[in-house]
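Colleague: Thanks for sitting down with me over this one. Could we go through the fold together, starting with the sheet?

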Amino acid sequence: MSGRKRSEVVDLLSSGERIRKEILSNSYKNINSILKKNEKVIEEIEKGLKILKELLPTFPENIKRDYEKDIKTIEASLKIINNWRDSVKIEKLDKVENDLKKIDSNFSTMDIKAQELRNSISGKDWYCDQEYREAQDLVKQYKDLEKKVFSLRDETTEKFFHNSEVLEKTNYNIRNKEELKEQIRNLENRIEADNHKDQLIKEFKEIDSILANKFLSKEYKDLEKSLNEFILKDTNHINIHSGQIYNKITSFVNKLVFEKEKFDLKKEKTEREFESLKLFVKSFEFKDIEALIEERDEILDIFTFQEKYCNESFKENYLDILRCIDKNIKNENFDEALIALKTTRDLIVKESNKCTNTYERLLKEQDMVSKIVSAVYELGYDFQVDGDPRDGYSIEAILGDEIINFDKISIDENGTPIIDIDHQEGVGGTCGNTMGKLLKALQYEGIFITDITKNGRSAIYLDKEENKWKNTNKTEARR
């Protein structure tokens, strides 16, 4: 017999099916999650823009003349906010949703074609070359659609990040506008305070003393001293110079707000990244290899996967770092916490890469064991498989009085298959002949090796070399 086997066609179709399942379980899920989040972000942006369109109170001309510098500062800040508001661009993702529907429709069409191919080879074991070519083309289509999905995922993520930045800027400008409102209210209070010392005292008392002592302790005490000296002056002096004291109060309040905002922004960033780190480590999940063997779909987090298949775990180290970061945040040591957050994220990436390499290696080992079993089965051997994904596998193949032991089946760090074979020849058999058949069978299954060695010499071509030596000796003897 010659030509492609039915099993080869089935393997190709299965690889296409795996691509589709992987896309549905990961990429589709991620894209749909981002689409939902993006809708909420856009809704929040539109609400924020409505707030930014609200008009602020205006001042009569006489007040504008008297407090020109303050009002111009407010108007300049408001102009910056309005200019940004009018230039905002929101990224819609309607096209992505339509593209996903088209891709899903293409997948359905391809699934039908795949099932038709399976039906067409149901009664054939060999001579499936045409079906194999069609299966190859189908797998290529699956991979092409996979690339499109990845491209949509990247586009969706990029636009979502853009909208998230717009939302953050919107909220920032809303806070700025609220500050402008507060400045206007303070200015209105200042106008009243020009002729009334009690108003100055009131404004001073409205300062948050806890924040002032925390961020601007010396300036706060100096301001208090100036005010106490000022209110002891005569009425004319207070009426003439009250604006100066109020300016000091206003300047101090603005500076305190600025310092508090810097503090809050750094705190917010640190806390946000802290929570993001916890979600980040949870985002690394792996399918349980043993569950896959039992045809179950079970997901392991990175820590559980490490403990089960890598014989190591960075979980305790990670938890210790989290406790340290949490302590720094509570103690308001945000710079130290941010450094630790970056270091921890790098650690998570490093450990996830190690887990990914182990996961891929174990999958390859599973595949290789399956192909070896198929090979010895095709050669007529009875077989038994022992072992598990963690400790590796061995296979014993028996045909009459001949035994082939696959003692070690593994993949090294470079992705190279390693198969240790112990062959007990049957009566009348030769190692070279058996190993030659085995090599061809393995190649048919997709394990592309060129020779099998024994004690550093080819076990396949050993018999030929010995026969050549015997014939040469016979010739010399005749001479």
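Colleague: In what order do the 4 strands of the open sheet follow one another?

Modeller: Happy to help, and keep in mind that this is a predicted model. The edge strands are β3 (382–388) and β6 (417–424), each of which pairs on one side only. The pairing is antiparallel, and the order is β3-β4-β5-β6.

Colleague: By what angle are neighbouring strands of this sheet turned against each other on average?

Modeller: The sheet in question is the open one with antiparallel pairing. Ignoring direction, the average turn between its neighbouring strands is 15°.

Colleague: Which residue in β6 does Asn405 stand opposite?

Modeller: Asn405 falls in β5, which spans residues 402–411. This strand runs antiparallel to β6 and is joined to it by 8 bridges. Across from Asn405 in β6 stands Asp422.

Colleague: Which helix lies across β3, β4, β5 and β6?

Modeller: The helix covers residues 334–378 and runs at about 165° to β5. The strands it lies across include β4, residues 392–399. The helix is α13.

Colleague: Which element gives the most residues to the largest nonpolar core?

Modeller: This core has 29 residues, and among those touching the most other members are Ile302, Phe305 and Ile348. Elements giving two or more residues are α9 (235–282), α11 (302–310), α12 (315–330) and α13. With 10 residues, the top contributor is α13.

Colleague: Staying with that core, which residues does Phe314 touch, not counting those up to four places away in sequence?

Modeller: Phe314 is itself one of the core residues that touch the most other members, and so are Tyr318 and Ile325. Leaving out residues up to four places away, Phe314 touches Ile302, Phe303, Gln306, Leu347, Ile348 and Glu351.

Colleague: Now a polar residue: is Asn176 buried or exposed?

Modeller: Asn176 sits in helix α5, residues 129–193. Its contacts, beyond residues up to four places away in sequence, are Ile81 and Glu261. The cut-off for burial is under 20% relative accessible area. Because its relative accessibility is 15%, Asn176 counts as buried.

Colleague: And for the whole protein, what share of the accessible surface belongs to carbon and sulfur atoms?

Modeller: The protein has 15 helices and 8 strands, and 36% of its 479 residues count as buried. Of the contacts with a separation of 6 or more, 67% are between residues 24 or more positions apart. The accessible surface comes to about 29,500 Å², and the share belonging to carbon and sulfur atoms is 49%.

Note on methods
Residues numbered from 1 in each chain as written. Predicted model: local features only at pLDDT ≥ 70, side-chain atom pairs only at ≥ 80, totals over all residues. Heavy atoms only, no water. Pairing = 2+ DSSP bridges. Axes fitted to C-alpha atoms, helices over the stretch in contact; angles between N-to-C directions. Contact = heavy atoms within 4.5 Å. Buried < 20%, exposed > 50% of the residue type's maximum accessible area, 1.4 Å probe, protein only. Areas by Shrake-Rupley, 256 points an atom, 1.4 Å probe, with all protein chains shown as cover. Core = buried A, V, L, I, M, F, W, Y, C linked by side-chain atoms within 4.5 Å.
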